[in-house]
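Please open the structure in your viewer and keep the selection tool at hand, since this tour moves from one selection to the next.

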Amino acid sequence: MKKTNDKIRNIAIIAHVDHGKTTLVDAMFRQSGIFREGQQVDERIMDNMDIERERGITISAKNCAVRWKDVKINILDTPGHSDFGGEVERALSMTTGCVLLVDSSEGPLPQTRFVLKKALDAGLDIIVVVNKIDRKDARPAEVLNEVYDLFIDLGANDDQLDFPVLYAIGREGVAMTDPETKGDDLSPLFEAILNLPGPVYDTDEPFQMQVADLDYSDYLGRLAVGRILHGSYSGGSQLIRIDENDAEIPVKVTKAQVYEGLKLQETSEAEPGDIVVLAGLDKVSIGDTVCTKEAPRRLPRIRVDDPTVSMRFSINTSPLAGQEGKIVQSRQIRDRLMLEMLRNVAISVEETDDKDSYIVKGRGELQMAILIEQMRREGFELNVGRPEVILKNEGGKTLEPIEKLLVDCDESFMGVVTEKLSLRKGRMLSLINNGSGRIRIEFSVPSRGLIGFRDEFLTDTKGTGIMNSLLDGYEEYRGEFPTRFTGSLVADRPGKGVAYAIYNLEPRGVMFITPNDPVYEGMIVGEHNRENDIDVNPCKEKKLTNMRASGKDENIILTPVRPLTLEWAIHFVRDDEVVEVTPLSIRLRKKVLGAQQRHQIAGKKKVATEK
């Protein structure tokens with residue numbers, strides 16, 4: 001018999017990046033009585049990773065729970081960037097409803113479409129919150145119409161279109177049903193959540209739980225997180241785990257916990273619909289079913305969209321290897337990548353013929369850059385190649401992933417943006433000019449055309465442009481296009497950078513090194529003004545003679561060097577180059593370090609193409 005657990009609500013907060021999800025969750029915490037009066041609390045409490053706080057974005061979905069009128073509300077704060085879409089899909093499998101947050105000025109953006117489609121496909125109940133209505137450029141009525149258009153465009157049925165609408169100022173912690181009347185607190189939002197139906201379960205079914213997230217504790221080992229779909233959990237039950245091969249593996253739960261506020265609380269019993277964390281399940285993976293030994297019933301596994309980008313991770317083979325990082329062995333790099341694959345359903349790892357390198361596949365280059373950044377902070381040294389899109393072959397045709405790109409910029413930059421995207425095989429789909437001085441353009445662009453484009457876009461629009469993209473399926477391969485119009489300045493010997501040499505190389509291009517920086521043969525020390533690579537000597541010192549000098553060249557003033565960022569570096573390198581990543585440095589280098597070997601390889605390629 002079907003029943004509803006009215007004591008619990010499982011809600012996901014979904015939105016486009018920077019529309020105020022985490023700030024709204026902060027306000028919900030404060031008003032639900034989790035913190036005592038006068039307690040000092042950081043902003044964006046849920047963003048507990050260093051990288052999240054530095055970048056101001058949510059990277060991994062996180063669970064917490066608040067109580068309102070004796071009803072437990074499990075809240076999942078989800079990422080707003082499409083590269084972390086796997087986190088959203090995983091989180092939605094634990095919920096029965098969601099709060100869709102939309103900026104009152106920007107309106108629905110590509111990621112809003114992505115997360116809303118996933119929520120509608122899952123049949124979740126949706127509350128729409130138009131946030132930031134205190135903005136000077138707020139347009140809540142128009143934005144609400146755009147949200148209705150988006151629901152219709154995504155094929156929402158009549159029940160799904162009949163969603164409650166609230167208006168909020170997340171930063172001030174207020175919500176209201178009328179944008180003209182300012183509210184006092186978030187009571188309308190809490191009431192709207194309580195009006196949603198609780199999780200439904202079958203009283204005739206035994207205990208069933210699907211693992212939707214993994215965590216790790218130094219004391220308890222691997223932790224499996226998931227929602228109880230049917231039945232209730234009680235300590236001492238004989239449970240089994242059903243893996244992807246339908247194998248039934250007995251498990252012994254050493255500890256069960258539920259969310260209370262930001263922390264986990266041990267429990268011996270858990271109700272149907274609640275989100276529980278079980279310890280003691282070795283080798284568990286996301287999508288596994290945990291159920292009773294007497295009535296094993298497998299649940300459909302969590303499926304996520306296929307990865308679109310791949311990168312090669314390998315050991316650091318430069319002459320400076322092992323000097324700055326503690327973890328350099330290929331086995332340890334492999335173990336770390338396999339651990340990431342267990343935690344993140346959107347990432348897959350493949351071994352190659354070369355035992356020292358691995359192919360990592362994911363949703364986008366930002367997701368890859370975050371993984372590399374996490375590894376270098378953990379003490380790893382590694383080499384990574386340029387991101388490459390994953391092509392498909394169907395019916396004898398080569399298909400490539402296509403992105404829907406939304407650009408918001410000043411009218412004066414329209415020409416340069418359109419020109420750059422057309423060179424990258426982009427096609428303009430629509431252009432909206434509201435007469436405010438800014439325009440919105442929608443493009444259809446190959447995913448490989450957007451690799452490295454964001455840096456150029458920000459430079460071209462003088463930092464005022466906004467671009468958002470979303471995977472729009474696969475189309476026939478649109479042809480080749482140049483990825484870089486400049487070459488590399490490559491060091492021809494080991495040593496240390498010398499101011500005199502760097503000063504004399506500056507007319508050749510943009511330098512990446514400063515005096516006393518270590519260099520080695522094959523290391524890229526600058527960007528050449530022309531298309532070809534040249535070997536240079538950045539260690540050359542000025543010849544000293546006993547002749548009197550005029551003194552005009554003694555005080556060398558070098559052009560300031562732009563610090564290399566990880567994202568810029570992985571976009572800059574060509575196919576024959578890699579990025580050397582260590583805990584302290586980011587360097588660019590050729591795959592083949594020796595100049596003689598590189599010239600021989602180039603000669604053989606030239607002969608092969610002439611034939």
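## From a sheet edge to a surface patch

Begin by selecting Ile-242 together with Glu-248, which stands opposite Ile-242 and belongs to strand E14. Keep in mind throughout that this is a predicted model.

Now widen the selection to residues 239–242, which make up strand E13, and notice that E13 and E14 pair in the antiparallel sense over four bridges. In general, the strands of a sheet pair through backbone hydrogen bonds, either parallel or antiparallel.

Next, show the whole sheet, which is open, has eight strands with antiparallel pairing, and follows the order E14-E13-E19-E10-E11-E18-E15-E16. Its edge strands are E14 (248–251) and E16 (263–266), each of which pairs on one side only. If you look along the sheet, neighbouring strands are turned by 40° against each other on average, with direction ignored.

Then move to helix H9 by selecting residues 365–377, a run of 13 residues that reaches 18 Å from its first C-alpha to its last, close to the 18 Å expected at 1.5 Å a residue. Is this helix largely enclosed or largely open? Twelve of its 13 residues are buried, so H9 is largely enclosed by the rest of the structure; among the buried residues are Glu-365, Leu-371 and Arg-376. After H9, select Gly-379, whose phi is positive, near 105°.

Finish with Met-414, which lies in helix H10 (residues 414–423) and is partly exposed, with a relative accessible area of 31%. Add Met-428 and Leu-431 to the selection, and you will see the nonpolar surface patch that they form with Met-414, with about 230 Å² of accessible area together.

Methods. Residues numbered from 1 in each chain as written. Predicted model: local features only at pLDDT ≥ 70, side-chain atom pairs only at ≥ 80, totals over all residues. Heavy atoms only, no water. Patch = residues over 30% accessible without salt bridge, like charges linked within 9 Å, V, L, I, M, F, W, Y side chains within 5 Å. Areas by Shrake-Rupley, 256 points an atom, 1.4 Å probe, with all protein chains shown as cover. Salt bridge = Lys/Arg side-chain N within 4 Å of Asp/Glu carboxyl O. Helix = DSSP H or I, 4+ residues; strand = E, 2+ residues; numbered from the N terminus. Buried < 20%, exposed > 50% of the residue type's maximum accessible area, 1.4 Å probe, protein only. Expected span 1.5 Å × (residues − 1). Pairing = 2+ DSSP bridges. Axes fitted to C-alpha atoms, helices over the stretch in contact; angles between N-to-C directions.
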